[in-house]
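Reader: Could you take a close look at one part of this model for me? I'd like to hear about the cysteines, and then how they sit against the packing of the rest.

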Amino acid sequence: MRTLFSGDIHVSYSQASVDGVEGWRVSDLASCFAGQVNGLCGAANPGGLFLITGLHTGQVPFVVEEHDGPPPVGEEWEEVVEVGFVADSSATALVGWAGATFQPLALAPGVYRVRYCASGIDAGKAADTSRADAPAPDRYLLQFWPSAARPDQVLRQTGEVARYWHDYAQSLDPAQVRAERAEADRRRHPEAERSRQQHEALLWRGARPPGPLGEIPSARTLVLLDRALAEAVAAAGAPRQRALARWAARRAFAEAGLDEIVWIAPALAALDSGQALPAPFDDVEASWQALWADEHVRYRAVSPADGQGPDRLQQAVAFPALAAATHPDPTVAVFDVLHHATAAFGSLRLAVLFDDLRRHLDTSSNW
């Protein structure tokens, strides 16, 4: 575990954010929460997180952590939600409202699960503003770890402020929100469209690709590493994508030395046969706990596939590939798995994975 930040962030209007590119700001409230079940951490706009606090204005304590896998949920946290997040550059930062506080986070580019925890959020709402001579009424924790993309969740809800915001998020019609935002941008804020285009260019190193390559967050990994290969995977039919996802998951586990671990081998066999994953893989938290507890797992560092950012634990970045391969949408499954597989192979052996992948795509008998 690494602590990326611990300190106070200045909020106004009960808002803070995580911004994926320095200088770009999380957009309007509705567009960040449309389509979600939680209303505390908005992740509907790629590259940023919209954070709700109880306190309206003032200094709020925040801790930001990076983990190799999902940590236990602390009993001290009254409100707990999780979302998916794509860190699109090394400039990710925790930002106070309107940039009043800007705290860079040393978070490597990649696809993450984010847990947002709050304590005292109702007390913060009641206090309204912070006082220098009184302890902070509310505090917050952000935890990041590598994970395949999956829908947001409410893990714990106890207070009225959280209930209000969850209800708000669930009341939004995503299609209507997108249409209203686009119309407002065109009529009143032409600079917002330019800002969006600039962000898209930074995120994709050019124009966002059409279809699933531009819509599935994890697809960006393969697009930036080998655009032609990504297009070939996207063009494969659903049965081929499902088979490829299973193959790539097993390939990632073999590369990380996890395929022969006694309690993992049955899960890989179940994946190959299309059966439900056995325990402990039927519970995300339990599977990670089993991994950390197994003394037979040999950990080693691997450099990122794109050569950017710090080395990562190979076994930790490979591990989510198994669950990712079971995603009900085969297109999402294959790109999620390949995201983790590229991380497991790292920059030194990425060419080996890609050569094998091309051979599988070119040989129809493999499917």
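Why is the sulfur of Cys117 not in a bond with the closest cysteine sulfur, in Cys41?

Author: Keep in mind that this is a predicted model. The short version is distance: the sulfur of Cys117 lies 10 Å from that of Cys41, its closest cysteine sulfur, so the two are too far apart for a bond. A disulfide would need the sulfur atoms within 2.5 Å. Cys117 is also tucked away from the surface, being buried with a relative accessible area of 1%.

Cys32 tells a similar story. Cys41 again holds the nearest cysteine sulfur, 9.7 Å away, and Cys32 is in no disulfide. Cys32 is buried too, at 2% relative accessible area. Across the whole structure, the disulfide count is 0.

Now for the packing. The largest nonpolar core has 52 residues, and the members touching the most others are Val233, Leu258, Ile264, Phe319 and Phe335. Several helices give two or more residues to this core, including helix 7 (219–225), helix 8 (227–235), helix 9 (238–255) and helix 14 (330–362). Helix 14 is the top contributor, giving 14 residues.

Phe319 is a nice one to zoom in on. Setting aside neighbours within four places in sequence, Phe319 contacts Phe253, Leu258, Trp263, Ile264, Phe281, Ser287, Trp288 and Leu291. Two of those partners, Leu258 and Ile264, are also on the list of residues that touch the most other core members.

Apart from this core lies another one, with 43 residues, among them Phe33, Phe50, Phe62 and Leu142.

Terms used
Residues numbered from 1 in each chain as written. Predicted model: local features only at pLDDT ≥ 70, side-chain atom pairs only at ≥ 80, totals over all residues. Heavy atoms only, no water. Core = buried A, V, L, I, M, F, W, Y, C linked by side-chain atoms within 4.5 Å. Buried < 20%, exposed > 50% of the residue type's maximum accessible area, 1.4 Å probe, protein only. Helix = DSSP H or I, 4+ residues; strand = E, 2+ residues; numbered from the N terminus. Contact = heavy atoms within 4.5 Å.
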